[in-house]
Amino acid sequence: MFPLIFGLACCSIEWMATGAAHNDLDRFGMLAIRASPRQADLMIVAGRVSQKMAPVLRNLYDQMPEPKWVIAMGACASTGGMFNNYAIVQGVDEVVPVDVYVPGCPPGPQSLIHGILTLHDLIMRGESLHDQLRPHKGFAR
């Protein structure tokens, strides 16, 4: 898998620590971080998503080639976290379909690695949201 980082807040610092020597994300062959959505198949949304950023997030998701997966990292990406107001999207699943949620505020590198391994297991068993082909109610264009 080649991840596309979408780091928006403090969770992205923990995501960077996942690639450091102590946690070594490279042992899963995932350290080749892509800055282009056309070269990535996994989007890791790390942090809170504002209403202004949501269309950009959806646009990047639409540019990713099939098959593609999404991990929501942290409480803010999963549910809006402590930011219960009009400016923050209350869960990134309102914008893109999410396959794995990684809880925490912010979740540590071990939690993210566990989420990635969970996604690997779901893909191997054919149980990811992508394979279920469920329609998405996200942002209209």
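These legends go with a set of close-up views of a predicted model.

**View 1. The whole chain, five helices and four strands.**
Start with the overall layout before zooming in. Reading from the N terminus, the elements go β-α-β-α-β-α-β-α-α. The protein chain has 141 residues, and 40% of them count as buried.

**View 2. The sheet, four strands in the order 1-2-3-4.**
This is an open sheet, and its strands pair in parallel fashion. Strand 1 (3–7) and strand 4 (100–102) are the edge strands; each has a single partner strand, so one side of each has no neighbour in the sheet. On average, neighbouring strands here are turned by 20° against each other, direction ignored. As background, sheet strands pair through backbone hydrogen bonds, in either a parallel or an antiparallel way.

**View 3. Strand 3 and the strands it pairs with.**
Strand 2 (residues 42–46) runs parallel to strand 3, and five bridges link the pair. One contact to look for here is V45, whose bridge partner in strand 3 is A72. Strand 4 is also parallel to strand 3, joined to it by three bridges. On that side, M73 sits opposite V102 of strand 4.

**View 4. Strand 3, covered on both faces.**
How many of the five residues of strand 3 are buried? Five of the five, so the strand is mostly covered by the accessibility rule, with buried meaning under 20% relative accessible area. W69, I71 and M73 take one side, while V70 and A72 take the other, and all of them are buried.

**View 5. W69, at the start of strand 3 (residues 69–73).**
The relative accessibility of W69 is 8%, which is why W69 counts as buried. Now find I44: 25 residues separate it from W69 in sequence, yet the two C-alpha atoms are 8.6 Å apart in space. Don't go hunting for ring pairs around the tryptophan, though: searching the whole structure turns up zero aromatic pairs.

**View 6. Two charges over rings, R48 with F83 and K68 with Y61.**
Rings do get charged company in this model. R48 places its charged end over the ring of F83, 4.8 Å from the centre of that ring. K68 lies over the face of Y61, and here the distance to the ring centre is 4.2 Å.

**View 7. R58 and D62, a salt bridge within helix 2.**
The side chains of R58 and D62 meet with an N to O distance of 3.2 Å. Why are they about one helical turn apart? Because R58 and D62 are four residues apart in helix 2 (residues 54–63). R58 counts as buried at 17% relative accessibility, whereas D62 is partly exposed, with a relative accessible area of 31%. In general, side chains of opposite charge can pair when their charged atoms come close. The count for the model is two salt bridges, and the next view shows the one between K68 and E66.

**View 8. K68 and E66, with a cis proline alongside.**
In this salt bridge, the closest N and O atoms of K68 and E66 are 3.7 Å apart. Which partner is buried and which is exposed? K68 is buried, its relative accessible area being 6%, while E66 is exposed at 54% relative accessibility. K68 is also the residue lying over the face of Y61. E66 has another job in this view: a cis peptide bond joins E66 and P67, with omega about -10°. P67 belongs to the loop between helix 2 and strand 3. For context, most peptide bonds are trans.

**View 9. C105 and P106, a second cis peptide bond.**
Omega is about -20° at the cis peptide bond that joins C105 and P106. P106 is in the loop that connects strand 4 with helix 4 (109–125).

**View 10. The cysteines, with zero disulfides.**
What is the nearest cysteine sulfur to C105, and how far away is it? It belongs to C76 and is 5.5 Å away, and C105 is in no disulfide. The cut-off for a disulfide is sulfur atoms within 2.5 Å. C105 is exposed, with a relative accessible area of 53%. C10 is partly exposed, with a relative accessible area of 43%.

Key
Residues numbered from 1 in each chain as written. Predicted model: local features only at pLDDT ≥ 70, side-chain atom pairs only at ≥ 80, totals over all residues. Heavy atoms only, no water. Helix = DSSP H or I, 4+ residues; strand = E, 2+ residues; numbered from the N terminus. Buried < 20%, exposed > 50% of the residue type's maximum accessible area, 1.4 Å probe, protein only. Phe/Tyr/Trp six-rings, centres within 6.5 Å; stacked < 30°, edge-to-face > 60°. Lys NZ or Arg CZ within 6 Å of the ring centre and 35° of its normal. Pairing = 2+ DSSP bridges. Axes fitted to C-alpha atoms, helices over the stretch in contact; angles between N-to-C directions. Salt bridge = Lys/Arg side-chain N within 4 Å of Asp/Glu carboxyl O.
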